[in-house]
Amino acid sequence: MLPRVSAEISPQHDLLTPLKEVFGYSSFRPLQEDIMRDALAGKDVFALLPTGGGKSLCFQLPALVRPGLTVVISPLIALMKDQVDALQANGVAATYLNSTLSDADRSARWRGLNAREFKLLYVAPERLMVGTMLDDLNRWGVNLIAVDEAHCISEWGHDFRPEYRQLRSLRDRMPDLPFMALTATATERVRADIVGQLHLREPSVYVASFNRPNLTYRVVPKSGGYRQVLDFLRERPKESGIIYCASRAGAENLAGKLVTDGVRAAPYHAGMEKDDRSASQEKFLRDEVRVVCATIAFGMGINKPNVRFVLHYDLPKNIEGYYQETGRAGRDGLPSECLLLFSPGDVVKQSRFIDEKTDENERRIAREQLQTMTHYAECAECRRVMLLDYFGEEFAAEDCGACDNCLAPRSTYDGTVAAQKLLSCVFRIRQKSGFAVGLNHVVAVLTGGDTDRIRQWGHQELSTYGIGQEHSRNEWGAIARELMRLGYLAQSTGQFPTVEVTAEGMAALKDRRKITLTKPLEASARRTERAGEIACDEFLFDKLRQLRKQLADEQGLPAYIVFGDNTLRLMARQYPTSESELRRVSGVGDAKWKAYGPQFLDEIRAHLQTNPRQMFAEESFTAPVTRTAAKSRGELLTETVRETLRLYRGGLTPTAIAQQRDLKDSTVASHLANAVEAGESVDLTQFFTPAQAAEMQAAFEKAGWGMLSGAHSLLGGRYDYSVLRLFRAATAARQDSSSR
């Protein structure tokens with residue numbers, strides 16, 4: 001039995017000093033300090049922090065301020081190596097034990113552990129539970145067991161790993177040792193399962209917001225596929241990212257095409273040889289390739305903080321996996337993009353894969369998950385609201401200011417006739433045959449199809465046969481899925497899903513109720529505004545990136561272990577030319593200064609000898625943007641925006657416009673923000689008073705003009721995101737006008 005943590009360990013340890021000296025940060029992220037204090041007090045802890053939320057620091061920093069060894073259970077070799085490399089670069093005595101080590105290396109590390117030379121040990125769950133390992137822990141003075149990626153223990157999680165189930169016996173073997181379980185993605189059901197499986201005792205539970213305000217979410221129709229991807233990458237020539245594909249062949253083919261077209265890309269999937277997979281990953285981490293085309297096998301062990309985009313070439317299977325994968329973008333907190341290329345054909349493909357499952361319960365769950373994922377892809381509402389709602393979190397605003405549906409709300413139209421036709425067709429089929437049919441069959445009847453089933457069941461005789469030829473089959477499919485989201489249609493989850501008219505749908509049919517539908521997504525994958533980018537001297541930033549890569553290559557390390565992009569951007573903004581100035585930059589700790597500081601100072605000084613300093617706003621990282629760089633006047637002033645602007649100038653109030661056009665108030669505000677950004681003159685006195693404008697001005701100056709979410713938080717949520725965006729657009733327009 002391992003001894004209980006010493007009563008001499010005080011939870012009142014000074015944590016800020018090692019935070020700055022070792023890791024180079026001057027403040028904690030949300031919940032980090034509370035989690036650390038509870039761990040130091042010997043309590044069991046469950047922590048759910050989003051990717052980029054600083055999970056690792058929650059057990060790394062406490063390990064430095066008390067005697068003994070912290071054991072970190074990690075599922076992937078790559079994850080262990082990355083974290084140990086980063087810790088050693090910060091001067092922390094950390095190591096790992098796994099199958100990649102030679103006998104000599106393994107023996108050397110074992111001797112170091114016996115001599116208590118290390119503060120952290122990373123180990124895989126299967127390695128921990130075999131041989132004499134558990135007995136050895138007694139000699140090493142273990143003070144905490146940290147279970148990273150804890151969702152792997154739950155069968156309800158999206159990445160269940162059977163070897164994690166072995167950890168259930170740990171508490172019996174170590175009854176007095178505190179445990180910490182950490183994950184970035186878990187529904188309430190998975191959270192409860194983790195606590196139960198690990199036998200956590202009255203744990204302190206910390207669940208941070210799932211919101212990643214630095215990520216912009218977009219969905220566009222897949223039209224041309226590869227050409228869309230190539231255009232997307234060519235607009236971002238210096239940025240690295242991940243492209244997720246549904247199949248191994250798809251990942252291989254896409255990577256091959258990109259290489260042919262001059263993009264440094266590599267594939268990654270479970271079918272590759274282990275050495276080839278490792279080579280692709282290592283090249284990505286070292287910036288030797290900037291794009292990895294991967295299946296879902298890639299990502300969990302990737303600690304690369306400057307992934308600027310995640311592109312889904314195919315539809316993910318479920319929201320949980322999608323959230324986890326998009327979360328690999330922007331771990332450094334800088335603005336990043338998440339783009340999903342959506343095709344109804346992908347829904348069909350996924351459905352076929354589901355049909356191949358042998359277990360009916362698995363098929364049912366998979367169909368429900370796919371339906372939710374499809375609703376997300378086609379919805380016209382705020383994508384952030386839908387993502388957070390899936391994990392049980394309410395997003396206070398209707399307009400997040402950082403997804404395609406909020407930045408450029410899609411047009412709506414009177415879809416009553418189309419809805420009546422489709423609902424009537426479903427009803428007539430059920431009435432004639434006595435049973436429900438699948439959506440594809442309904443659409444075939446609507447469009448006048450000639451199939452064996454239609455003739456066999458006599459559905460060509462229905463009054464609704466062929467009445468929907470004004471829409472294509474894909475368009476009818478999209479209309480049907482929206483009617484499902486609105487509650488007028490319901491789809492079963494059996495092996496052969498069928499559609500039925502709901503009670504709400506029957507009422508709409510009888511009452512001839514007006515039904516407003518959303519126009520389909522437009523096939524545009526152009527670059528969007530990145531709120532919150534750290535404005536800096538881009539020429540100097542590029543020089544510092546080159547120096548970083550040179551130093552990293554000399555040591556055989558990924559570039560980000562030297563310094564992260566956000567640290568380099570701050571250097572290229574603040575121009576530190578002395579040791580004291582550089583040490584004040586976030587991310588520069590004692591070990592990093594000693595190892596790399598002088599070289600970076602020399603580079604900055606050399607730059608200043610031939611280049612003038614650029615001036616940046618003192619109060620924020622970004623000045624007000626005059627308008628979204630990627631959008632022309634024509635793109636901003638869409639037909640629906642022009643109509644809102646016409647009605648507003650005609651004297652209608654925003655509320656009256658919303659009622660007349662069947663829109664939300666926030667959508668009206670977003671339309672007018674588009675108009676202002678396009679250069680139109682708009683009187684905004686109906687949206688905010690001078691006092692309110694002054695309040696918003698102060699919040700933006702403190703949070704940064706690019707950070708809608710920061711201003712929203714500082715203002716206590718009193719102003720909708722769309723109003724904040726409208727105010728920001730008006731401020732930028734005034735500055736743009738006065739500078740001419």
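## Helix α25 and its surroundings

In this predicted model, helix α25 (residues 565–574) is largely enclosed by the rest of the structure, because 8 of its 10 residues are buried. The buried residues are Asp565, Thr567, Leu568, Arg569, Leu570, Met571, Ala572 and Arg573, a list in which the charged residues Asp565, Arg569 and Arg573 stand beside residues such as Leu568 and Met571. The buried residues of α25 pack against strand β12 and against helices α23 (538–555), α26 (579–583) and α27 (590–610). Just after α25, Tyr575 takes a positive phi of about 50°.

## The chain as a whole

The chain has 740 residues, of which 56% are buried, and it contains 34 helices and 17 strands. Among the contacts with a separation of 6 or more, 74% join residues that are 24 or more positions apart. The chain exposes about 31000 Å², and carbon and sulfur atoms supply 48% of that area.

## Helix α10 and strand β3

In helix α10 (residues 226–234), the buried residues are Tyr226, Gln228, Val229, Leu230, Phe232 and Leu233. Their cover includes the strands β8 (215–221), β9 (240–244), β11, β12 and β13, together with helix α11 (248–260). Strand β12 thus appears in the surroundings of α10 and also in those of α25.

Ala94 belongs to strand β3 (residues 94–97) and counts as buried, because its relative accessibility is 1%. Leaving aside residues up to four places away in sequence, Ala94 touches Val84, Leu87, Gln88, Phe118 and Leu120. Thr70, which is 24 residues from Ala94 in sequence, lies 9.5 Å from it in space, C-alpha to C-alpha.

## Salt bridges within and between elements

Side chains of opposite charge can pair when their charged atoms come close. A search of the whole structure finds 38 salt bridges, and the pairs described here include one within a helix and others that join separate parts of the chain. Within helix α5 (residues 103–114), Arg106 and Asp103 are 3 residues apart, about one turn of the helix, and they form a salt bridge whose closest N and O atoms are 3.1 Å apart. An α-helix has 3.6 residues a turn, so residues three or four places apart point the same way. Arg106 is partly exposed, because its relative accessible area of 25% falls between the limits of 20% and 50%, whereas Asp103, with a relative accessible area of 61%, is exposed.

A salt bridge between Arg308 and Asp332 brings their closest N and O atoms to 2.8 Å. Arg308 lies in strand β12 (residues 307–312) and Asp332 in the loop between α13 (319–326) and β13 (336–342), so this pair ties together parts that are 24 residues apart in sequence. Both partners fall under the 20% limit for burial, with Arg308 at 6% relative accessibility and Asp332 at 8%.

The side chains of Arg383 and Asp404 also meet in a salt bridge, with an N to O distance of 2.7 Å. Because Arg383 lies in helix α16 (residues 383–390) and Asp404 in helix α17 (residues 404–407), the pair ties together parts that are 21 residues apart in sequence. Arg383 and Asp404 are both buried. Elsewhere, Arg218, Glu235, Arg236 and Glu337 are linked in a network of salt bridges.

## A patch of negative charge

On the surface, Glu252, Glu273, Asp275 and Asp276 gather in a patch of negative charge. One of these residues, Asp275, is placed in helix α12 (residues 274–285), and it counts as exposed because its relative accessibility is 64%.

## Positive phi angles outside glycine

Most residues other than glycine have a negative phi. Glu149, a residue other than glycine, has a positive phi near 50°. Glu149 is found in the loop between β5 (142–147) and α8 (170–173), where it is buried, with a relative accessible area of 8%.

Asp287 likewise has a positive phi, of about 65°, although it is not a glycine. Asp287 is placed in the loop between α12 and β11 (291–294), α12 being the helix that also holds Asp275 of the negative patch.

Note on methods:
Residues numbered from 1 in each chain as written. Predicted model: local features only at pLDDT ≥ 70, side-chain atom pairs only at ≥ 80, totals over all residues. Heavy atoms only, no water. Patch = residues over 30% accessible without salt bridge, like charges linked within 9 Å, V, L, I, M, F, W, Y side chains within 5 Å. Areas by Shrake-Rupley, 256 points an atom, 1.4 Å probe, with all protein chains shown as cover. Salt bridge = Lys/Arg side-chain N within 4 Å of Asp/Glu carboxyl O. Lys, Arg positive; Asp, Glu negative; His and termini not counted. Charge placed at Lys NZ, Arg CZ, Asp CG, Glu CD. Helix = DSSP H or I, 4+ residues; strand = E, 2+ residues; numbered from the N terminus. Buried < 20%, exposed > 50% of the residue type's maximum accessible area, 1.4 Å probe, protein only. Contact = heavy atoms within 4.5 Å.
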